[in-house]
Every structure is written in C-alpha cells, then in structure tokens.
Amino acid sequence: MPGDAEGSGGDDADLVARALGGDAAGQRAIYDRYRPPVARLARSFAELDADDVEDVIQESFVRAFQSLPRLQDPKRLGPWLLTIARNRSLTRLARGRARHEAADELHREAQALGAETAEMPDPEAGVELELVRRIIAELPEGPEKETVHLFYVDGNLSAREIADRLGVGKSAITMRLERFRARVKRRVLAEVARIRGVESNPRGKGK
C-alpha cells in the first residue's frame, strides 16, 4: 500500500534515488504518495485551521526535498517525512500560542496601569501585527532586525531554525526576541497612555 514504509520500502528507495538525481517525476511521485498521510497528520492537530494545514504540507515537502541528501535510510522515507510534518505542525502551533500570550500579556500590563478603557491592539483585526511590522521597519539594520523579521514577518522558522540559519546559539536568538517583545510592550503602553491623556483632556490643546 502506498505510504506503508515496510510494504513500499524498495519503491521509496528508488524514488529517493531518482529525486536526488534531479528527476522531477520522482519528486512528484514522492509528493503524490505522501501528501495524504502528511495532510492527515497535520489535521490531527485540532488548533490548525485549513490554511495552517496546507501551509504545513507545503513546508514539510520543501524541507524534505532540501534535506533529502541527508536521509540515511531511503527505505524510511515515510516515517522521516511524517517527522518533518509533525515538527512543522508543532512549530506553527507554538508560534500561534506565543502571539496570543504576548497579546494577553500586553492587555494585563495595560490593565495594571488602569488603562482598561483604552483601546488595545486587536490581534484578530491585524492591528497588533501591523504595529510589530512598523517597529521592525524602524529597527536599524543588524542581527536583531534580521532575527525578528524571520520570526514575526516570514513566520516559518522556529527560534532553533533561525539560530541555525544565522549561525548563532539559540540563546542569542531568544534574547533578541525577548528584547524585541519588551520594545513592543513599551510602545503599546505608550500608546495607551497617550490615548488616555487625550480622553481625559480632550480640549487641552485648545487652551
């Protein structure tokens, strides 16, 4: 049966050899054979919507074909591909949760300052993301800007993957992201304070 590692191990090894040799038909055969199980795995994560699932599928095969020369046992193509898909699903889930947690934290900070009635960025409306994009654009060119752009704007890489791409330790990436989150928090709280100031003294500028 297609997708069964044991039943199609020889076929998989042949397809891997063809794909590594630049055979587009071989690559297509791998995609056609394993797209259904990859899709089923991605859909098993209830928090992923249809768009997320499709993104996971595409990202998984892109990663697989890029890493195919490092596959030590071509007969294990199926399990290897599903491991990639699982990791991509978990990365997407973690990033979504981190964004929601950041929004919740900003809201709690505003409430602690007595800003319950002030308008806060609405993640569902895309306001928060737009603010993040503006702050990234204002950053000077350098490692921090490249890191946060990869994480928040490109949105396809985990902190570990960014570290590997930039050739630094994961702790360095984590520190850059934490500094950026603190910068975003300060900007949002400043906006809250400004809004409350205008609301409490709407005619102040006219005096």
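Student: Which helix gives the most to the lining of the second largest pocket?

Tutor: In this predicted model, helix α3 gives the most to that lining, with 4 residues. Helices α3 (50–67), α6 and α7 (159–166) each supply at least two residues of the lining, and the pocket they help to line has a volume of about 270 Å³.

Student: What makes a residue part of the lining of this pocket, and which residues line the second largest pocket?

Tutor: A lining residue must have an atom within 4 Å of a point of the pocket. The residues that line the second largest pocket include Glu59, Val62, Arg63 and Gln66, together with Leu150, Asp154, Glu161 and Arg165.

Student: How do the residues of that lining divide into nonpolar, polar and charged?

Tutor: The lining divides into 3 nonpolar, 2 polar and 7 charged residues. Asp, Glu, Lys and Arg count as charged, and Glu59, Arg63 and Arg88 are among the residues of the lining.

Student: Why is threonine 147 called buried?

Tutor: The term buried is kept for residues under 20% relative accessible area. Threonine 147 has 0% relative accessibility, and therefore it counts as buried. This threonine lies in helix α6 (residues 143–154), where Glu144, Lys145, Val148, Leu150, Phe151 and Tyr152 are among the other buried residues.

Student: What is threonine 147 in contact with, leaving aside its neighbours within four places in sequence?

Tutor: A contact requires heavy atoms within 4.5 Å, and with those neighbours left aside, threonine 147 is in contact with Ile162, Leu166, Ile173, Arg176 and Leu177. As for leucine 177, its C-alpha atom is separated by 7.5 Å from that of threonine 147, although the two residues are 30 residues apart along the chain.

Student: How do you know that the reach of α6 is close to the one expected at 1.5 Å a residue?

Tutor: The expected span is 1.5 Å times one less than the number of residues in the helix. With its 12 residues, α6 has an expected reach of 16 Å, and from its first C-alpha to its last it reaches 15 Å, which is close to that value. Just after α6, glycine 155 takes a positive phi of about 70°.

Student: How many helices and strands does the protein have, and what percentage of its residues is buried?

Tutor: The protein has 8 helices and 0 strands, and buried residues make up 37% of its 207 residues. Of the contacts with a separation of 6 or more, 63% are accounted for by residues 24 or more positions apart.

How values were computed. Residues are numbered from 1 along each chain as its sequence is written. This is a predicted model: local features need pLDDT of at least 70, side-chain atom pairs count only at pLDDT 80 or more; totals for chains, interfaces and linings use all residues. Side-chain values use heavy atoms; hydrogens and water are left out. Buried means under 20% relative accessible area, exposed over 50%, partly exposed in between (1.4 Å probe, protein chains only). On a 1 Å grid over the protein atoms alone, a cavity is a set of points where a 1.4 Å probe fits but cannot get out, and a pocket is an open set with protein on both sides within 12 Å along at least five of seven lines; lining residues have an atom within 4 Å of a point. Grid points are joined across faces, edges and corners, and a volume is the space filled by probe spheres set on the points.
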